[in-house]
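Visitor: I am new to this structure, and I would like a close look at a single part of it. Could you take the charged pairs and go through them slowly?

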Amino acid sequence: MIRGAETAARLQNYTLIAVNSDDHAERQKELLSLLRSQRVEGILLVVASDAGVVGQISQIIEAGIPVVYLDRIPDREEVDSVSGEDLKAAEMAVDHLIASGYKRIAIATGPHTLRNEQRRFLGYQQALTRAGLAFTDDLIWEGNFRPEDVAAMCIPRLRDKKTRPDAILSTNGPTGLGCFACFFATAA
């Protein structure tokens with residue numbers, strides 16, 4: 001994503017400056033303040049999952065700095081954004097799992113405060129409903145974007161072979177890494 005943005009910026013005679021909050025809200029607030037103080041001409045933002053930056057983003061926009069959310073879109077906030085077809089992608093993934101013979105499918109998501117995570121969850125629900133399969137609370141695993149936290153959340157749910165799911169749909173990369181690490185921790 002950064003490579004594509006940098007190429008597009010360069011074609012328009014802009015320079016892209018990339019910073020990383022490592023999904024920490026306080027670090028993100030510091031970085032946004034820094035970018036605003038440096039009078040950047042725009043911000044592409046993958047918002048920290050636990051960030052309460054609505055007021056800060058509003059101030060940045062009011063200061064005339066355009067903001068575009070990438071992938072993670074906070075709920076109830078109207079700004080420009082770029083993301084995938086979250087609902088359809090989740091439906092397709094669950095349809096594939098069902099076609100492969102899986103019936104008890106869990107979902108591991110990031111925070112449902114993000115619109116894209118809500119849409120992915122809805123796609124999961126719709127695909128299961130369409131197939132006549134149940135989704136129950138024990139198969140819905142809402143986490144964050146820290147793989148180690150996701151692994152810790154999943155491990156107890158995979159230990160009991162009688163109740164564990166046949167498959168897990170992960171709605172994002174960091175959650176997928178956490179599920180993958182969890183699989184190896186419970187396979188032993």
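Guide: Let us begin in helix α2, where glutamate 30 and arginine 27 both lie, three residues apart, which is about one turn of the helix. In this model, which is a predicted one, the side chains of glutamate 30 and arginine 27 meet in a salt bridge, with 3.3 Å from N to O. Glutamate 30 counts as partly exposed because its relative accessibility is 47%, and arginine 27 likewise counts as partly exposed, at 37% relative accessibility. Elsewhere, salt bridges that share partners join Asp71, Asp86, Glu117 and Arg120 into one network, and the structure holds ten salt bridges in total. As a general point, side chains of opposite charge can pair when their charged atoms come close.

A pair in another helix may be set beside the one in α2. Glutamate 6 forms a salt bridge with arginine 10, and the closest N and O atoms of this pair are 2.8 Å apart. Because glutamate 6 and arginine 10 are four residues apart in helix α1, which covers residues 2-11, about one helical turn separates them. Glutamate 6 has a relative accessibility of 28%, so it counts as partly exposed.

The next pair is found in loops. Aspartate 23 and arginine 72 meet through their side chains in a salt bridge of 2.8 Å, N to O. Aspartate 23 lies in the loop between α1 and α2 (25-37), while arginine 72 lies in the loop between β2 (67-70) and β3 (80-82), so this pair ties together parts that are 49 residues apart in sequence. Aspartate 23 and arginine 72 are both buried, which here means that each has under 20% relative accessible area.

To place these pairs in the whole, it helps to know that the protein has seven helices and six strands, and that 41% of its 188 residues count as buried. Among the contacts with a separation of 6 or more, 66% are accounted for by residues 24 or more positions apart. As for the charges of the protein, there are 21 positive and 25 negative ones, and the mean positions of the two sets are 5 Å apart.

Key:
Residues are numbered from 1 along each chain as its sequence is written. This is a predicted model: local features need pLDDT of at least 70, side-chain atom pairs count only at pLDDT 80 or more; totals for chains, interfaces and linings use all residues. Side-chain values use heavy atoms; hydrogens and water are left out. Helices (H or I, at least four residues) and strands (E, at least two) are DSSP runs, numbered from the N terminus. Buried means under 20% relative accessible area, exposed over 50%, partly exposed in between (1.4 Å probe, protein chains only). Contact means heavy atoms within 4.5 Å. Lys and Arg count as positive and Asp and Glu as negative; His and the chain ends are not counted. The place of a charge is taken as NZ of Lys, CZ of Arg, CG of Asp or CD of Glu. A salt bridge is a side-chain nitrogen of Lys or Arg within 4 Å of a carboxyl oxygen of Asp or Glu.
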